[in-house]
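Colleague: Before we look at the model together, could you take me through how its overall features should be read, one after another?

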Amino acid sequence: MDWNKDKSVRLTTVFTILLAAVLLAADVLGFIWMPWFISASAIDSSHLPALAATIYTGSIFAWICLYTMFRLLRSISGGEVFTEQNTRFLRVISWCCAGACIVFLVSVLYYPPFLIISAAAGFMMMIVRVVKNIIQQAIGMKSELDLTV
Amino acid sequence: MKIIVNLDVMMARRKISAGELAERIGITPANLSVLKTGKAKAIRFSTLMALCHELRCQPGDILEYSEDGEEKA
């Protein structure tokens, strides 16, 4: 298979769109799967509003994150990698991960397994921040290289 | 503290245009302009060598260290 970086970016874009479709389905069909989830995971049924609040608040962060990822991918496919705008995108993504981390951490109060999602979001936030710091460093190096005659 | 680039002085002395010099030393006119205006952050030895060769001068004729002003180059 003739694989290259353009196809890789396109594949990531497709995954982002697929994930957005799954998220949309989860949001729209929440009234179906949330009661099922309550009964399947043996949570007290009185916690349904809390679960809905967790999912839809988390969903806001997920939408912002996906939209920002989509814009970041478009920027990368346009050949603009080491730019201030991309670091802003990564900063937004990291803060979304932080937001999701907090939301699910609070939700541990009524459903302890949410701690796994919270930890995953927190870990993801750290990874994205490290990548953002690397790109910020690279921007400085690139500008220096651009001004080396 | 700053490094002053006296390239335009040397070019005037040798009566050579920016386009011609850029072509002779193998850099783009845009890069030569960056160097001339003092916006450059660094200069390669190969570029400096080519400049000295074409302008028949020493690096010190092109670059000058000054204690005054802000660091630019």
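Colleague: What share of the 149 residues of chain A counts as buried?

Modeller: A residue is called buried when its relative accessible area is under 20%. In this predicted model, 34% of the 149 residues of chain A fall into that class, while for chain B buried residues make up 33% of its 73 residues.

Colleague: How should the radius of gyration of chain A be read against that of a compact globule?

Modeller: The general idea is to set the value for the C-alpha atoms beside one expected from the number of residues. For chain A, a compact globule of 149 residues would have a radius of gyration near 15 Å, but the chain has 19 Å, and along the principal axes its C-alpha atoms fill a box of roughly 70 × 35 × 25 Å.

Colleague: And why does the radius of gyration of chain B agree with that of a compact globule?

Modeller: Chain B agrees because a compact globule with 73 residues would have a radius near 11 Å, and this chain has 12 Å. Its C-alpha trace spans about 30 × 20 × 20 Å along the principal axes.

Colleague: Which elements make up the two chains, and in what order do they follow one another?

Modeller: Chain A has five helices and zero strands, so to speak a plain run of α-α-α-α-α from the N terminus on. Chain B has five helices as well as two strands, and its pattern along the sequence is β-α-α-α-α-α-β.

Colleague: What do the accessible surface and the charges add for each chain?

Modeller: The accessible surface of chain A comes to about 9200 Å², with 74% of it belonging to carbon and sulfur atoms, whereas that of chain B comes to about 4700 Å², with 52% belonging to those atoms. As for charge, chain A carries 10 positive and 8 negative side chains, the centres of the two sets lying 3 Å apart, and chain B carries 11 positive and 10 negative ones, with the centres 5 Å apart.

Colleague: How large is the area buried between chain B and chain A, and which residues of chain B lose the most?

Modeller: The size of an interface is often given as the accessible area lost when the parts come together. Here the area buried between the two chains is about 740 Å², of which carbon and sulfur atoms give 60%. On the side of chain B, the residues that lose the most area to chain A are B:K41, B:A42 and B:R44, together 61% of what that side buries. Counted by contacts, eleven residues of chain B touch five residues of chain A.

Note on methods
Residues numbered from 1 in each chain as written. Chains lettered and ligands numbered in written order. Predicted model: local features only at pLDDT ≥ 70, side-chain atom pairs only at ≥ 80, totals over all residues. Heavy atoms only, no water. Helix = DSSP H or I, 4+ residues; strand = E, 2+ residues; numbered from the N terminus. Rg over C-alpha atoms; globule rule 2.2 N^0.38 Å. Buried < 20%, exposed > 50% of the residue type's maximum accessible area, 1.4 Å probe, protein only. Areas by Shrake-Rupley, 256 points an atom, 1.4 Å probe, with all protein chains shown as cover. Lys, Arg positive; Asp, Glu negative; His and termini not counted. Charge placed at Lys NZ, Arg CZ, Asp CG, Glu CD. Contact = heavy atoms within 4.5 Å. Buried area = accessible area lost by both parts, 1.4 Å probe.
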